[in-house]
Each structure stands twice: as C-alpha cells, then as structure tokens.
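Biologist: I would like to learn how to read helix packing, domains and interfaces in a model. Where do we begin?

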Amino acid sequence: MTKIAFPQMGDYYIPATFLLSHIFPNDEIIKAPKITSKTIELGTENSPEFVCTPFKYTLGTMIECLDKGANILIQMGGGCRYGYYAELQAEILKDLGYNCQLINLVTEGSASLKRINKLLKQINPKYSKIKAMYYGFITIKMVKYMDEIDDYIRKNIGFEIEKGSFENLKEQMLITFSHINSYRNLYKAYKRYLKKFQKIKVHKPDNRLKIGIIGELYTVMEPFSNYFLEKELAKHHIEIKRFTNVHYLLFEKAHKYKKYQKYSKEYFTYSMGADASDNIARCKYLCENDYDGIIHIKSSFCTPEIGAMPIINKIANTYQKPLIFFSFDSATSETGIQTRLEAFYDMLEMRKNK
Amino acid sequence: MKDCYLGVDIGSISTKGVIIDDDNNIITSAYIWTEGNPVEAVRKLLDILKLNLPKEYVVKGIGTTGSARKLIGLMLKANIVKNEITAHAIGTLTFYPNVRTILEIGGQDSKIILIKNGIITNYAMNTLCAAGTGSFLSSQAKRLGINAEEFGDYALKSKNPVKIAARCTVFAESDLVHKAQVGYAKEDIIAGLCKSVVLNYLNNVGKGKKITPPIIFQGGVSKNKGVVKYFKEILKEDIIVDENSHLMGAIGIAVLARRNKTGNTYSLEMKNVTFSTKAFECHRCPNTCELLKIYRNDKLVDSWGSKCGKY
C-alpha cells in the first residue's frame, strides 16, 4: 500500500494533508510528527555539516515519517540550495537503507503543472486531474485564509488581555480546518473564526513597539527552527510584521519581484537568489515606515541571505534603524539568543521613550 | 537612615557587587571569583558587602545582571533582572554621558555598544568563539606559567609582538605552542596574544560597526594594560579605562534597581535562606527538555527549560 508523507513546516501540514488525502483517497497519508529536538538531531546526524539548517529539519522529518511506515516522500525545490535538497536527500535516505520513492514536484526552479500531473499519476494511476484541480483550489484558499488570520494574530497577540486567548482559538481553528470537505464549508469556517478573532479583547497602546521580521523563508515560517521568536516578542507586547508566508511564495513573489527591484534599485540590480532581493526591499520598506526595529533571521550557511546581509545592514545604517541578525542552527544556544533579544527590546524601548 | 541600592553582576568568571546611594556614589563594592557556583559566590559576596556597609544605610532595591541573573534574581528577590548589555550601557552612561562607543570584554563574551545622545543605537555580542575574551587570555596565562594579573605588564615589555593565528581558541593555542617551541621570547608571545585578542574582537564583534570616540573600554580584560595598548594602537584613538571598569555592569543594574524601586526594603541576610535547584529530563515527548526546578526555602519558585509550557 502507498503511504505518502511530506516534510513539516509551520501549520501548513493541514492544507497539505487535506489536498493529498482528497486526491489520493485510497492511499494513506502519514502525518509527520511535530518537529522536536529529536527531528533536528536525526537530521544533523545524517546531513553534510555545512548544509543549511532547513535541509537538516526536512531530512529529520523524512526519517521520522519513514520510520512510521511511509514509502513515498514529497519534496519541492527552490531558487537556492533548496533546489538540490530532493536529490541529495534521496541519496542519503538510500544510503541509510530506506526503501522509498522521493518525488520532487519542483525541479530546476520551475513548477510545471504538466510535470506535476505526470508525477502524481505515478503515485496512483487512479489520480484524476479534475479532482486535483478542484481540491487544489480549496487548498490554495485554505492557505490564503490561514495566512490572513496569522497576519491578524501577529498584529494583536502581544496585546491580548486574557493570556492565551489567541493561541487557544487558533488551535480550535486548525482542528476545524483539518475537517473541511468543501469550499463552502471552508469559507464559512474562515468567516466565523475571523469574527471570533476580531472579538478577542486587546489593549493596543498608541506608542507600542512595532518590529518587522525578515529573512530566510523556512526559518521565518517554522517556529521551532527560530526558537519561537514570534512568541517571545509577543511576550514583550510587540506588534510583529512578517512578509513571508506560503501564499506569498506561491502567488505573489513572482510578480512582486519587478516592483521590489524598482523600489530598491539603488541597492541591487540583479536577483540575488531565493528571498534575498525581497528582503532588501522589505528592509527599505520597514525603514521608511513607522517600524521601530528590524530582525533578520536565517538558518546558518544560507548563502542568499549572507549576500543580502551587508546590504540590509547598510540600509539600516542609512535610515538609522535598529537591526539585529540571528543565525539559527542545531548548535545555537537559546540563552544567547534571549540575551540579545532582551537587549534589542531594551534598546527599542529606550529610543521610543526618549 | 539613608537609602542604598545593590547591583550584582554574576559573570562566568567573576561575580561583582556594588552598593550605590541616591547620588551614584559607590558606598562599597566587591569582586570575587564565581568558580562555577553562582549561588555560593553571591552568598560570599553579600557577606563582604554587609561587612563594609555603614549601619545607617537600608537597601531599597536589588538588581541582578550577568549570565546567572535569572537564578540570582530569584534568590535575592531582586526587583529588576536585566541583561548585561543594557546594564553596561546604563552604568557607563551614568559616569560618561557623552560616551559614543563601549568596548567590553568579559570572561566568556565580548560586546560592543554604540551610543548616540545617551541612547543605545546598536550593539553586538560575540557569536562563535571565545578567542577574543578573557577566558582565553587566562587559560593561556596558565599555560605560560604566569598570573593573569601580570599579563599586561609582560606585554608592555615586548618590542616585537609575534603574530598569532587567533581565529579560534583551539587553533590559537596550537599556534602559540608552536611559537614557544621555536624559541620566541615569552613577552613577545604574550604581547602577540593581547594583540590577537584586539584584532579578533574588531574583526568579529566590531565588524561593520563605526567606532567613534569617546571610547570606553571595560570588563575584566580592560585591566590588562597590553590589550588597552593595542586597542589604542589599532584604533588610533584614545581609550578611556575607568578605575571601576570591571564593575560597570553591577553599577548599571544598581542604577536600574533605583529607577524601578518599589518602596520595599531588602535584607542582605542570606543565612536563613535555603536555595536549591533540581534538574531533570522530561520524557513526555521527543523534545526531552532539560528542566530545572528552583526552590527557595524549600518552596518551588520557578521552573525553566520547558518548550511546551507544561511546567
């Protein structure tokens, strides 16, 4: 029997499971266990030492899924080293003695629907294109709604009056979303939860601190890999702006590039790979708008971001905005991050009250 | 009765305590080794401070900083617990309101703080290796068989410091052994070490930061004349080293304790207070968090290390 699995990232396992379970109703979808210290340990053990950290996380989840019985793994690719993840991971898993098929939906940086169709047909010959399109549409909408609600949460969670109200409601929402079966159903649930979120009482002072988070996409989107940075900031009553989410990557990135390049043409001329150019433009945006500080996060050894960092530093210097860089790895000390983050917060507070 | 405020800075190598009054005068201070046991070190520190504190003073605020700030904060029931970057900046600003750059090299970490118009504008802390810090210097002093305190004097004697590849502590040590084995003089090697600490600091922590005078150098290593000399030489600027440069963090946190005073009175008597910690590993999920439970007078006051918030 076919057992399909895919790597974890944030809460996106819900739309992904939804899609796969509907287009392959007769196959089993293995839900990857939540990312824990064991995941990263497994990943680090079996990865090249200086590979970027998302590689280690995804390899770790793959191994965990294989141990749960999966035999088909789905991976994607991107415009940086991410483009080589699937091939290398397939080799590593083969060397480890796992008998599995790793399907890479995006190769050479392009996601051709024709190719994806062909690959999905390989998984199960009964696969129907029409069905996939229908459920694909709902999945995209689900991702969009989730990202919209997350955006609202990020702006307000630091100011909730009753502690934990946002988190609890979000958990409920995720459970509802994982039981969706039609678009109507999804839309209603989205509207209902949005209203509920808006009803949560918040106390937002006018002189609140606002921070923008930019950086490498996986580290930004997977809270475990950034040591729950957003949660930590919310504890300090900070409003958070984050640009990257899956909806952005799938539908906005491609046509926003030109706009970004025009907007920050004094800083870069050519695309710098992955999200590097986007982050430069976002940094400028944050500097020009009323944000108090910028946090740039990346996994260690992320090459495009390393290229972007000096430029981002320059922009922040020009606009005199506080900026801090964090690099996350399996060997990063949590205390070190907390000390720096606390100091960053104190610095912003001092500037604000001056 | 006069009010006074206690600041305690518990670092990796040394524990510093300062008591100040309302006008930032230092009433008494103490500097002892932490020796891997912050709780015992603070008990000792308080004993020393208590002896030297005139009877008419009452402690109206306690602040803790340094790497053991949270633990000692619970032990002393401090009214403020702050990170060492902020504490150092506040401490320095109290005495040097015009300072623009603070260079700080401590036992395990080194930092740079940039200040403009009395507010921090940027800071950085070493991220990778201890090659630019005090513990590196003290371990090398031991290897060469001299006291860490004499290190600076030796360095000043040298006319021709050797170059030491100090990218990383371990490799620097191999290079050092090599230089000694091929016959370089001791003072040249020591001077080379001091210089390599400066270079390492500027290349790692100081990278991309604009260092503008007035520059103040503090932390334990600022007592090393050799390092100060090479900072002056390489930056081509004057470096101010305060006589209390090693206490700046403690002074800063004492000032913050005064700013955040609640009106409570604190006791420095710790003899009747039992303070213990209990570590265990949670096996509820594969995270296997290392948890630490903290007991004050046999009462659980806090527990740390949980990722899920169950504890």
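Modeller: With a pair of helices. One caution: this is a predicted model. In chain B, the axes of helix 7 (residues 186-204) and helix 8 (residues 225-235) lie 9 Å apart, and the helices pack at an angle of about 55 degrees.

Biologist: Is helix 7 of chain B parallel or oblique to helix 8 of chain B?

Modeller: Angles under 35 degrees count as roughly parallel, and 65 to 115 as roughly perpendicular. The angle here is about 55 degrees, so helix 7 of chain B is oblique to helix 8 of chain B. The crossing of these two helices of chain B is right-handed.

Biologist: Which residues make the contact?

Modeller: Helix 7 of chain B brings Ile190(B), Ala191(B), Cys194(B), Lys195(B), Val197(B), Val198(B) and Leu202(B). Helix 8 of chain B answers with Gly226(B), Val227(B), Tyr230(B), Phe231(B) and Ile234(B). Sorted by class, this contact of helix 7 with helix 8 of chain B holds 10 nonpolar, one polar and one charged residues.

Biologist: Now chain A. At what angle do helix 6 and helix 8 of chain A cross?

Modeller: Helix 6 (residues 129-156) and helix 8 (residues 183-199) of chain A cross at roughly 0 degrees, and their axes come within 10 Å. Roughly 0 degrees is under the 35-degree cut-off, so these two helices of chain A are roughly parallel. Among the residues that meet are Ile138(A), Met142(A) and Tyr145(A) from helix 6 of chain A, and Leu186(A), Tyr190(A) and Phe197(A) from helix 8 of chain A. The classes in this contact of helix 6 with helix 8 of chain A are 12 nonpolar, no polar and one charged.

Biologist: And what is the handedness where helix 11 and helix 12 of chain A cross?

Modeller: Left-handed. Helix 11 (residues 246-263) and helix 12 (residues 276-288) of chain A cross at roughly 55 degrees, with axes that come within 9 Å. That angle makes helix 11 of chain A oblique to helix 12 of chain A. Lys253(A) and Tyr257(A) are among the residues of helix 11 of chain A in this contact, and Asp278(A) and Lys284(A) among those of helix 12 of chain A. By class, the contact of helix 11 with helix 12 of chain A has four nonpolar, two polar and three charged residues.

Biologist: How do I check the length of one helix?

Modeller: Compare its expected span with its ends. Helix 6 (residues 169-181) of chain B has 13 residues, so at 1.5 Å a residue it should span 18 Å. Its end C-alpha atoms are 18 Å apart, which agrees. After helix 6 of chain B comes Gly183(B), with a positive phi near 105 degrees.

Biologist: Next, domains. What does the assignment give for chain A?

Modeller: Domain 1 (3-127), domain 2 (146-204) and domain 3 (205-354). The C-alpha centres of domain 1 and domain 3 of chain A are 27 Å apart. Their contact draws 17 residues from domain 1 of chain A and 18 residues from domain 3 of chain A. On the domain 1 side, helix 3 of chain A gives the most, with four residues.

Biologist: Last, the chain interface. How many residues of chain A are in contact with chain B?

Modeller: 14 residues of chain A, against 13 residues of chain B. Helix 14 of chain A supplies the largest share of the chain A side, eight residues. By class, that side of chain A has four nonpolar, four polar and six charged residues.

Methods. Residues numbered from 1 in each chain as written. Chains lettered and ligands numbered in written order. Predicted model: local features only at pLDDT ≥ 70, side-chain atom pairs only at ≥ 80, totals over all residues. Contact = placed C-beta atoms within 7 Å. Nonpolar A, V, L, I, M, F, W, Y, C, P; charged D, E, K, R; others polar. Axes fitted to C-alpha atoms, helices over the stretch in contact; angles between N-to-C directions. Parallel < 35°, antiparallel > 145°, perpendicular 65-115°, else oblique. Left-handed = near helix turned anticlockwise from the far one by under 90°. Expected span 1.5 Å × (residues − 1). Domains from an automatic or database assignment.
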